[in-house]
Amino acid sequence: MCSLLAVAQTKTVTGVVKDAENEPVIGATVKVLGSAAGMATGLDGTFSVPAEKGDAIEVSFIGYKAVTFKVTDKASYTVTLFEDSQTLNEIIVTGYGAVSKKNLTTSISKVKADDVNKTALSNMSQMLVGRAAGLQATLKSAQPGGGISLTVRGGGEPIYVVDGMVMPSTSLEGASGGTMTTLPSNVNRSGLAGINPEDIESIEVLKDASASIYGIGAANGVILVTTKKGVEGRIKVSYNGSFSAVRNYGYLDMLNGNEYMNYVNAFGKELYLYNHKMGLYGGTSYDGGFDPSFGDSQIAAATTTNWRDLILKNGSISNHNITIQGGSKVLTYYASGNYYKQDGTVANSDFERYTLRTNIGAQLTKFLKLSTAVNVNRNVNNNGSVGGTGSGRGPEASGSLAAALTYPTNLPVRDENDEYTIFKFVPNAASMLDILDRSQTTGFAVNFTADVDIVKQMLTARFLFGYNNENSERSIYIPSDVYFDQKRLSRGNITRNERYNTTLEGTINFNKDFSSAFGMDAVVGMGRYLNKYTGLSVGYNKINDVIGNDNIGAAEGDIMPGSSHAEDEKRSQFARATFRFFDRYIISGSLRRDGTDKFFKGKKYAFFPSVSVAWKIYDEAFMRDITWINMLKLRASYGTTGNDNLGSTLYGTYSFSNNYVKFNNNGTSYIPFYLKSQDYPDVTWEKTVMKNIGLDFSFLNDRINGSFDYFWNDITNMLGWANTNALSMFSSYPINGGHIRRYGWDATINTTNIAIHNFRWTSVLTLSHYNSIWKERMPNYDFNEYQKQKDEPVNALYFYRTDGIINAEMSNVPAHQPEALRLPGCPVLKDLNGDGKLDTEDIELVNVTPKLYWGFGNTFIYKNWSLDVFLYSQLGLKKHNYIYDWTSASELASQNSNQSVYMKDVWHSELNPNGTLPGVAWTQANVTLPGGAGTDIGYENSSFVRVRNITLGYQFERNNLGLFGKYVSGLRLYVDVQNPFTFTSFKGFDPEVVTGGGYKGGKAEYPMTRTYSVGLNLTL
């Protein structure tokens, strides 16, 4: 009976879908909400779906507003869809305001947080990898909370503005102890680590004159972060949680015990022959005088300790977020809590964060609204020992991962006395796991805003006060039984740092359309920005291991205290006005006056103007009959920004000497003070002039939309240093000078490839290209004789090109080869200009700037299933591969360190006469080539394409949740893989991870990782 009744209530609902011109809409999606029933309209726009009386039916189509109607007793319905260009009406946040995309006159890239999978992300900067055209996001370290280098159009670090408050761009980290501990710094984390990525609504990147209204510091662009706020409606409680397994990419393989011993013998003999000029290296025959380090029986009995795998391990991530959101016309609220725990893939590395955020808005009167945002966080890190060396040391003070690669694999972890083994001066990697290196940071940020309606919907005022306070502590302790830096000595260091950042601004906004032919908006304001930093540290040695850092007063050895203090203040006045004519022509201009306490009187203030225009071509009369173009807008901008950050004071400073001056038979001691720097009143602002031409477009009802921009920026009056004259008290002095030009293009293309019933496929492509050249060098700059003196790339690399290895017969030695390198195993140097000699004319210039940086995302939706695939890439970059630091024949022959399996490619007269890497003769040679340039040995193409994320999810219908459907408004389960594949010809190490720094010995950066996640989104 119940079944018959249900059938009786279901009927077939038919109808037709038309547009505003009364034309049928083909392919519109018609769906019965809460059920699987649905279809796409036919060629005549008709549809037919089974539904019950009271059901809601939604009709939607790309580029049109969706229409929902309820089923009544009617049997047929006519549905009219009206255009709704989301591209035109999308709101873009700008400096001190917001504007619809159709009226935007400058170049701004927007990243919506909901479009980015944030499952395994620990900070905001990781969200931007490949997502914004014109923004290069490069991984600096894969450690927990690892840093991302963000540069806008090839510049330096941009400034960050979170909900109107200027925030520091770097993480607050303590030092690693300096000469007291000599530990590597280890830490390379991103700033804004106290903000939970789940709390972010959107991120805008200001790339051109749009940054000028921020004036000081905006020369490298501006990143605006907008966080989530309360919305009017019923309370909504959401939980988003995930668990992840983290695995290392393949890492550099070292020689095993047997291979190590064999190679030591083989290259030891080769070195003997070279040193005594025997065999292929001279005119005498081998005298049999070489005594192998390892006998056959030792090699046969060799065991292998995999030192690398004692340091590398599997990791995990646990990420849990709870949000509460809702409100009324009077009060809106948003509150969230986050717990994030990442166990790193290097021993002793992990990251744990607790975050609480609230965002409350109260409409107190008809004309006054108050808003308050509070963010509280606590971050705790164990710092895994990676990278190279610190404090000018060599392998004796390397990190645990570098030590693991250095240590011979034929040695055990412990000797027969159960003591850690010692290999020359290199620390035992396993023993270094007993070293304590722990950081913790607490942060508190509050943002108060008051919005006043002076004249309703025309004149408003806003007052903003933002305060950010961070405290960090880093505690390091090396136990007395750990052999490190060539000694067994207990030592430690405690560092505490604090910084304050205050933003105080007041603005008045005007916005009015006077007629259909003219409208304008304007903003004027002023601001004050304070930054303060204090630091305190103390290093010590000779203390009981039981006490450690708990009571450093018990130290019996040296105690080295230190402190630091810095603060600065900036004041600004700014204004912007935008004029709209006939809804087709837009002109906007801004002016900012900035003052800084870093310069002398008469130079403290500078003006930074900008102007931008836009022509909405699609609104012209001659375009009205071209219906497939929804938007076509040409724009241009010109703007100036400034920089006052020299990295040092321009005012004279004094310091004290560590040596006492004694008088009265050593009865009186004085501490001498000396002039450390003098006044430099002539130094002034560095300025950047930014020019941009862009085109915004949207075609076929927004199925294809995007933008293209060409830019060129001139950085002039650059802040820098010059060498002083001989016998001066100071080695250098600050100056203005130089001129760099950055130019290039970037583009974004969004497409809806397929949109039919139950299936939708959309794509986004971002492309970026830039270059930087010197138009004028700094004063007193001394060019090398081979350097390009006009339009030299800023990232120029000069080297002699090689062409294979000299063979045993020396039949391929060219006449121009330097005499000291005319030996087997040396690289063949190329005579590029073919003049028969090797000189500076043969040095090649390579611009080590990526030729193209791109991101490509695809989203597929089928019924309740969704699949997201995102890739990013860096192409056309040459980079030194540090695996070749681990292929030294001389280091192996001398038994100074283990080497990598790439020794199989090293030239050897007996083992590998066809080797492709230089042998002993090259590593032992101490030859300076003409001009002092190096060679291309070790440089490789570091281009790569990486799959960043693959995410598969399923959204449950509420009516399929049974009893839970009464309480649950949304449930989604998903699985995600981050960094599953990387396509590159770069060997051994990851092509993206930054490997900078002047380390002594081989480098060993934190390995790239893959992350496998499962999670759910639940909304009540």
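Helices and strands here are DSSP runs, with helices (H or I) of at least four residues and strands (E) of at least two, numbered from the N terminus. Keep in mind that this is a predicted model.

**Exercise 1. Place Ser-900 in the fold and decide whether Ser-900 is buried or exposed.**

Step one: find the flanking elements. Ser-900 sits in the loop that runs between α8 (889-893) and α9 (920-924).

Step two: check the accessibility. The cut-off for buried is under 20% relative accessible area. Ser-900 comes out at 0%, so Ser-900 counts as buried.

Step three: see what covers it. Leaving out residues up to four places away in sequence, Ser-900 touches Leu-252, Asp-253, Met-254 and Leu-255, along with Ile-883, Trp-886 and Thr-887.

**Exercise 2. Work out how the protein compares with a globular protein of its length.**

Step one: take stock of the elements. The protein has nine helices and 52 strands.

Step two: apply the globule rule. For 1020 residues the rule gives 31 Å, and the radius of gyration is 33 Å, close to that value, so the protein is as compact as a globular protein of that length.

Step three: add the box and the burial. Along the principal axes, the C-alpha atoms fill roughly 105 × 75 × 70 Å, and 52% of the 1020 residues count as buried.

Step four: look at the contacts. Of those with a separation of 6 or more, 68% are between residues 24 or more positions apart.

**Exercise 3. Take an inventory of the charges, then follow some of the salt bridges.**

Step one: count the charged side chains. There are 94 positive and 97 negative ones, and the centres of the two sets lie 8 Å apart.

Step two: search for pairs. Side chains of opposite charge can pair when their charged atoms come close. The whole structure yields 39 salt bridges.

Step three: try Glu-204 and Lys-110. Their side chains meet in a salt bridge at 3.8 Å, N to O. Glu-204 is in strand β15 (residues 200-206) and Lys-110 in strand β10 (residues 108-112), so you have a link between distant parts of the chain, 94 residues apart. Glu-204 is buried at 0% relative accessibility, whereas Lys-110 is partly exposed at 27%.

Step four: move to β27 and β28. Asp-521 and Arg-580 form a salt bridge at 2.8 Å, N to O. Asp-521 belongs to strand β27 (residues 518-541) and Arg-580 to strand β28 (residues 559-581), 59 residues apart. Asp-521 is partly exposed at 22%, while Arg-580 is buried at 15%.

Step five: find another bridge between these strands. Arg-528 pairs with Glu-569, with the closest N and O atoms 2.8 Å apart. Arg-528 lies in strand β27 and Glu-569 in strand β28, so this pair ties together parts 41 residues apart in sequence. Arg-528 is partly exposed, at 35% relative accessibility.

Step six: look for a network. Lys-633, Arg-635, Asp-696 and Asp-709 are linked in one.

**Exercise 4. Describe the surroundings of Pro-168.**

Step one: locate the residue. Pro-168 is in the loop between β14 (165-167) and α3 (178-181).

Step two: read off the burial. With a relative accessible area of 15%, Pro-168 is buried.

Step three: list the neighbours. Not counting residues up to four places away in sequence, Pro-168 touches Leu-192, Asn-468, Glu-470, Arg-499 and Asn-501. The C-alpha atoms of Pro-168 and Gly-191 are separated by 7.1 Å, with their positions 23 residues apart along the chain.

Methods:
Residues numbered from 1 in each chain as written. Predicted model: local features only at pLDDT ≥ 70, side-chain atom pairs only at ≥ 80, totals over all residues. Heavy atoms only, no water. Buried < 20%, exposed > 50% of the residue type's maximum accessible area, 1.4 Å probe, protein only. Contact = heavy atoms within 4.5 Å. Rg over C-alpha atoms; globule rule 2.2 N^0.38 Å. Lys, Arg positive; Asp, Glu negative; His and termini not counted. Charge placed at Lys NZ, Arg CZ, Asp CG, Glu CD. Salt bridge = Lys/Arg side-chain N within 4 Å of Asp/Glu carboxyl O.
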